[in-house]
Amino acid sequence: MPNQKATKPPQGKVEKEKARRRGLLKRDFGGSLILPTGGHGGDVVIYADEEEDTLLEFHKKGRYNAKRGGNVAAMGVLTSQLRDGVAAPTLRIPVPVGTVVKRKRGTLLRDLAQPGDEILVARGGQGGISLVEMPERSKKKLMALTTNVMRDDSDKVLSLGQPGEEVTLELILRVVADVGLVGLPNAGKSTLLAATTLAKPDIADYPFTTLMPNLGRLNGDPSLGAQMYTSEATLADLPGLIEGAHLGKGLGRNFLRHLRRTRLLVHVVDAAAEDPVNDYRTVKEELRMYNPDYLDRPYIVVLNKIDIPKASERLPSLTEEMMRLGSDRPSTLDTAQTLSTEGGNADVPSSGVPSRDRKEKGIEDYPGPIAIVGVSVLKGIRINEMLKEIRAALRMCRD
């Protein structure tokens, strides 16, 4: 049987195979070879999450780094298996709803007031163009196909990648609430919140029991029937204020900013204290010194602890005196303007009048309370009447 010689493929078939392999290489419109690039670095995004309720985590961990992009990968040389590096995933950092994101020097970036709000705070770096390890002969062949590029001595790096952004931010949490409870320590604010909502704040008979704002949800007005859910509101119990709080004394100044988003204030006054009227004036004066806009907002005064005989007996006189500490001009609140100025110049409130000029006005020149209600939160006396006044004031704010 004669020896069979290996048959060679037709010359035309070999040329077609070479052409097919050349066609697998990525090229631009000018015919130049497009080399693979390293993966882009991950971006950093901060977003508002309803499940978060504090920024304390950032005290434990102050630096966040997104992952770097992947290196170029290859299976074979000068083939279509030459792949770009994998881009790094975006680093998403959750913060509580109501967080204000600012640069370290004070420039406002974004107010994350609604769930799902987010902001891109740092972009990841751009991937560079590089050569993978390959035989010298193949490397020279590849370099001959690529023109007008910069390379290092080892012919491995054609173009260095761009570094990602690095920023220093300041995060400020401003509670998102419809009603803010203010007053001196031990006035009964936390007890009121627990009595009217499902919140469980710490309650004790010593000052500054509340160290952080507590939130509670006030049910809607039952008299509205099926529309009662439209009248629901969020209450915020703030740590007690003391004289000099606007200067940083006590805990007040750290939390007075939470009142920026509220539409209604509730002054809780201990009617059994030695001088309830002076306590009421002290709180109003601290609000005026911190931000005069707070005194232009609608507010209600709740005289607490009227179950004590001394407080019950002087309830009419206290009501009359507190009504005199304010003008008859109705309270107004432009929520849109107030929120638009948050994080900006603290000396120019929403009314456009510089705070240094408005602070010359006394508390008697600002609107008086919508209503004054005597209650005993602990004993449950006249709670429904107080809730009725709060809901009516909220409806007035919405209208």
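Here a colleague asks a modeller about this predicted model.

Colleague: Let's start with the whole chain. How many helices and strands does the protein have?
Modeller: Good place to begin, and remember that we are looking at a predicted model. The protein has 399 residues, of which 42% count as buried. Its secondary structure comprises eleven helices and 14 strands.

Colleague: What share of the contacts with a separation of 6 or more comes from residues 24 or more positions apart?
Modeller: Here we look at pairs of residues in contact and ask how many positions separate them in the sequence. For contacts with a separation of 6 or more, the share from residues 24 or more positions apart is 73%.

Colleague: Now the sheet of six strands. Which strands are its edges?
Modeller: This is an open sheet with mixed pairing, and its order is 10-11-9-12-13-14. An edge strand pairs on one side only. Here the edges are strand 10 (214–218) and strand 14 (371–374).

Colleague: Inside that sheet, which residue of strand 11 is the bridge partner of Leu181?
Modeller: Strand 9 (residues 179–182) and strand 11 (residues 233–237) run parallel and are joined by three bridges. Look along strand 11 for the bridge partner of Leu181, and you will find Asp237.

Colleague: Which strands does helix 4 touch as it packs on the sheet?
Modeller: Helix 4 covers residues 189–196, and its direction makes about 155 degrees with that of strand 11. The strands that helix 4 touches are strand 9, strand 10, strand 11, strand 12 (264–270) and strand 13 (299–304).

Colleague: And helix 6: what angle does its direction make with that of strand 12?
Modeller: Helix 6 also packs on this sheet, where it touches strand 9, strand 12 and strand 13. Between the direction of helix 6 and that of strand 12, the angle is about 145 degrees.

Colleague: Are helix 6 and helix 8 roughly parallel or roughly antiparallel to each other?
Modeller: The axes of helix 6 (residues 276–290) and helix 8 (residues 315–324) come within 10 Å and cross at roughly 30 degrees. Angles under 35 degrees count as roughly parallel. The two helices, helix 6 and helix 8, are therefore roughly parallel.

Colleague: By class, which residues make up the contact of helix 6 with helix 8?
Modeller: Helix 6 brings Pro276, Val277 and Tyr280, while helix 8 brings Leu318, Glu321 and Met322. Sorted by class, the contact has five nonpolar, no polar and one charged residues.

Colleague: Is Val373 buried or exposed?
Modeller: You will find Val373 in strand 14. Leaving out residues up to four places away in sequence, it touches Val301, Val302, Leu303, Glu385, Met386 and Glu389. Buried means under 20% relative accessible area. The value for Val373 is 1%, so Val373 is buried.

Colleague: There is also a sheet of three strands. Which residue of strand 4 is the bridge partner of Val100?
Modeller: That open sheet has the order 4-3-8 and antiparallel pairing. Strand 3 (residues 99–103) pairs with strand 4 over four bridges. In strand 4, the bridge partner of Val100 is Asp111.

Colleague: Last one: how far apart in space are Tyr47 and Thr99, C-alpha to C-alpha?
Modeller: Tyr47 sits in strand 1 (residues 44–49). Setting aside neighbours within four places in sequence, its contacts include Arg92, Ile93 and Pro94. Along the sequence, Tyr47 and Thr99 are 52 residues apart, and in space their C-alpha to C-alpha distance is 9.1 Å.

How values were computed. Residues are numbered from 1 along each chain as its sequence is written. This is a predicted model: local features need pLDDT of at least 70, side-chain atom pairs count only at pLDDT 80 or more; totals for chains, interfaces and linings use all residues. Side-chain values use heavy atoms; hydrogens and water are left out. Axes are lines fitted to C-alpha atoms, for helices over the stretch in contact, and angles run from 0 to 180 degrees between N-to-C directions. Angles under 35 degrees count as roughly parallel, over 145 as roughly antiparallel, 65 to 115 as roughly perpendicular and the rest as oblique. Contact means heavy atoms within 4.5 Å. Ala, Val, Leu, Ile, Met, Phe, Trp, Tyr, Cys and Pro count as nonpolar, Asp, Glu, Lys and Arg as charged, and the others, Gly among them, as polar. Two strands pair if DSSP finds at least two bridges between them. Buried means under 20% relative accessible area, exposed over 50%, partly exposed in between (1.4 Å probe, protein chains only).
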